[in-house]
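Reader: I'd like a close look at one part of this protein, the packing on its inside. Could you walk me through it once the picture is up?

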Amino acid sequence: MLFRSNDDWHVFYSLNFLDRGSKSVGYDRQREIDFLLVHARFGLIFVEVKGGQVRFQSDGITQLLEGSWTRIDPERQLNGARRVCLEYLNTRQVGFIPARNLYIFPYTERPASGLSQELATAGLFKGDPGIARFVDHIQGVAAQERVELDIGNLQALLEPCLTIEIGRAHV
């Protein structure tokens, strides 16, 4: 699904890619991006949302799924999907696109310890100030890069990757 906001952010929900480069596992692998935020001047923000109960412990991250605690790796999951998406766009000669990750844990308080550097800086947790602070940071960094993306071209390239096209709405 594609949403378009009034401030030129385009939001894609549930983008799917087939990772044919999964040589390490010996088979093709489905990759999904929960949300992809696109802006002509600021680039791409890849978003992974981990709802429900999530625990951060010294031996890793677990999430309560179907009644049992299951080990998860949101960084590896999002970075794999991001890699495939950027490779896909690169094969279509889109050129350099600034890209960043954002991890959202809406029902989990920020742990006092045990976060990787990436989750500590690019993670939003229950009770955090919110996405506005993260977007301000992205805009500040991206303003230095002086990019101008062709949003129409990106939209045309990404729409076939949507899980389902339900319609369009304004955010």
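Before the details, what is the mean pLDDT of the protein chain, and what percentage of its residues reach 70 or more? Then please zoom in on the largest nonpolar core: which residues have the most contacts inside it?

Author: The chain averages a pLDDT of 80 (the predictor's confidence in each residue, from 0 to 100), and 77% of its residues get to 70 or more. This is a predicted model, so local features need pLDDT of at least 70 and side-chain atom pairs 80 or more, while totals for chains, interfaces and linings use all residues. Residues are numbered from 1 along each chain as its sequence is written, and side-chain values use heavy atoms, leaving out hydrogens and water.

Now the core (buried Ala, Val, Leu, Ile, Met, Phe, Trp, Tyr and Cys residues joined through side-chain atoms within 4.5 Å; buried is under 20% relative accessible area, exposed over 50%, partly exposed in between, with a 1.4 Å probe on protein chains only). The largest one holds 33 residues, and Leu15, Phe17, Leu36, Leu44 and Leu89 have the most contacts inside it. Several helices and strands (DSSP runs of H or I, at least four residues, and of E, at least two, numbered from the N terminus) each chip in at least two residues, among them strand E2 (10–19), strand E3 (29–39), strand E8 (99–109) and helix H1 (74–91). H1 is the top contributor, with six. Apart from all that sits a second core of eight residues, including Trp9, Leu37, Phe42 and Leu124.

E5 (54–57) also feeds the largest core, and it belongs to an open, antiparallel sheet of three strands in the order E5-E6-E7. E5 and strand E7 (68–72) are the edges, each with a single partner strand, so one side of each has no neighbour in the sheet. Pairing takes at least two DSSP bridges; E5 and E6 (residues 60–65) have four. One of the partnerships is Arg55 with Thr62 in E6.

How about cysteines? There are zero disulfides (cysteine sulfur pairs within 2.5 Å) in the structure. The sulfur of Cys85 is 6.9 Å from its closest cysteine sulfur, in Cys161, which is too far for a bond. Cys85 is buried, at a relative accessible area of 0%, and Cys161 is buried too, at 9%.

One last word on trust: confidence peaks in E7, at a mean of 95, and bottoms out in strand E10 (residues 168–170), at 38. Across residues 166–171 the pLDDT is below 50.

Key
Contact = heavy atoms within 4.5 Å.
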